[in-house]
Amino acid sequence: MEPPLVRLDRVGSTMDVLHQMAEAGASARAAVVAGEQTGGRGSRGRGWVSRRGGLWLSVLFRPGAAPGLELMSLRIGLAVAEALELLGAPPVGLKWPNDLMLGDRKLGGVLCEARWQGNAPGWVVAGLGLNVANATPASLRAIATRLISVLPGITPEDLVAPLLAALRRVDPDAGPLTADERARFQCRDWLHGRPLRAPAAGVAVGLSPDGALLVQLAAGATTAVRAGTIELADSSTPP
């Protein structure tokens, strides 16, 4: 039996609805999609403007262990990028750790939230926010873009089935990134070769198998960064 997909017109957050469903016993890979969110959120507690015309989708995972959780946003971003490209989109960049890019503008993002039961994850909700045909706030037009700019006529409804299928194929219990996954990420790696000011001063050179961002320092050594806010050294490029 296929996991349920709950469709809502207007909601505070699809992630919050799915957390409530998970607590009530919803099955793995249940999903919630909404036409509009009034309380969407991004990483580090930032708000996410979720106007009508975008895709606001969350999927429930019930992993058996914790080791692969830190890789879920990377794997989901990769799955979304590849699915969009199969639909005819130009190459979609992946900006570590959880942004989807078209050129130098943000197309969408992934946020994963775990709820724990003792030392084990009870469940994980993965939220996808994708700008499709929604109006872009004036304050974000320099750094954000929409899918309709490269796929004229595309609607959020056109994306629900293929992107939900792609997300449901992500394995939350998978171990370190495989060589194949790292190669697929590398050809979409938006940060690769860019000089950074933070979270480490140097040049981004890829990912480690555990999902850390690799930064080559000025002295020549390479450091692995597992958390932090990206700041580009070249201020002419949008963050």
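Hi everyone. When I say helix or strand today, I mean a DSSP run, with at least four residues of H or I for a helix and at least two of E for a strand, numbered from the N terminus. And one thing to keep in mind throughout: what you see on the screen is a predicted model.

Let me begin with the enclosed spaces. How many cavities of 30 Å³ or more are there? The count comes to 2. The largest cavity holds about 60 Å³ of space, and the second largest has a volume of about 30 Å³.

Which helix gives the most to the lining of the second one? That is H2, with 3 residues. Helix H4, residues 179–186, also supplies at least two residues there, as H2 does. The full lining is Leu 74, Arg 75, Leu 78, Leu 177, Glu 181 and Phe 185. By class, that makes 4 nonpolar and 2 charged residues, with no polar ones.

Now the largest cavity. H2, which spans residues 72–86, is joined by S4 and S5 as elements that each supply at least two lining residues. The largest share comes from H2 here too, with 4 residues. Among the lining residues you will find Ser 73, Leu 74, Gly 77 and Leu 78, along with Phe 185. If Leu 74, Leu 78 and Phe 185 sound familiar, they were also in the lining of the second largest cavity. The lining of the largest cavity divides into 7 nonpolar, 3 polar and 2 charged residues.

That lining also includes Trp 96 and Pro 97, and here there is something to look at in the backbone. The peptide bond joining Trp 96 and Pro 97 is cis, with omega about 5°. Pro 97 sits in the loop between strand S4, residues 93–95, and strand S5, residues 99–102.

Where is the other cis bond I want to show you? It runs from Ala 198 to Pro 199, and its omega is near 10°. Pro 199 belongs to the loop between strand S8, residues 195–198, and strand S9, residues 202–207.

S8 and S9 take us to a sheet. It is an open sheet of 5 strands in the order S11-S10-S9-S8-S12, and the pairing is antiparallel. Its edge strands are S11, residues 222–225, and S12, residues 231–232, each of which pairs on one side only. Strand S10, residues 213–216, pairs with S11 in the antiparallel sense over 4 bridges. If you want to find one of these on screen, look for Leu 213, whose bridge partner in S11 is Val 225.

Just before S8 we come to Gly 193, in the loop between H4 and S8. Is Gly 193 buried, exposed or partly exposed? At 46% relative accessibility, Gly 193 counts as partly exposed, because the limits for that class are 20% and 50%. Leaving out residues up to four places away in sequence, Gly 193 touches Val 203 and Ala 204. For a sense of distance, the C-alpha atoms of Gly 193 and Ala 114 are separated by 32 Å, and the two residues are 79 apart along the chain.

On to the open side of things. The largest pocket contains about 770 Å³ of space. It is lined by 40 residues, and those closest to its centre are Arg 46, Gly 47, Trp 48, Asp 99 and Lys 106. Asp 99 also appears in the lining of the largest cavity. The elements giving two or more residues to the pocket lining are H1, strand S3 (55–61), strand S6 (105–117) and strand S7 (120–130). S6 gives the largest share, at 4 residues. By class, the pocket lining has 17 nonpolar, 17 polar and 6 charged residues.

Two last residues, both towards the start of the chain numbering. Arg 29 has a positive phi, near 75°, and it is not a glycine. Arg 29 lies in the loop between helix H1 (14–23) and strand S2 (31–37), and with a relative accessible area of 24% it is partly exposed.

In S2 itself we meet Glu 36. Which side chain does Glu 36 make a polar contact with? It is Arg 52, at 3.0 Å. Setting aside neighbours within four places in sequence, the contacts of Glu 36 include Asp 9, Arg 10 and Val 11, and also Ser 50, Arg 51 and Trp 56.

That's my tour. Thanks for listening, and I'm happy to rotate the model for anyone.

Conventions
Residues are numbered from 1 along each chain as its sequence is written. This is a predicted model: local features need pLDDT of at least 70, side-chain atom pairs count only at pLDDT 80 or more; totals for chains, interfaces and linings use all residues. Side-chain values use heavy atoms; hydrogens and water are left out. Buried means under 20% relative accessible area, exposed over 50%, partly exposed in between (1.4 Å probe, protein chains only). A polar contact is a pair of N or O atoms within 3.5 Å; within protein, one must be able to donate a hydrogen and the other to accept it, and residues adjacent in sequence count only if both atoms are side-chain atoms. Contact means heavy atoms within 4.5 Å. On a 1 Å grid over the protein atoms alone, a cavity is a set of points where a 1.4 Å probe fits but cannot get out, and a pocket is an open set with protein on both sides within 12 Å along at least five of seven lines; lining residues have an atom within 4 Å of a point. Grid points are joined across faces, edges and corners, and a volume is the space filled by probe spheres set on the points. Ala, Val, Leu, Ile, Met, Phe, Trp, Tyr, Cys and Pro count as nonpolar, Asp, Glu, Lys and Arg as charged, and the others, Gly among them, as polar. Two strands pair if DSSP finds at least two bridges between them.
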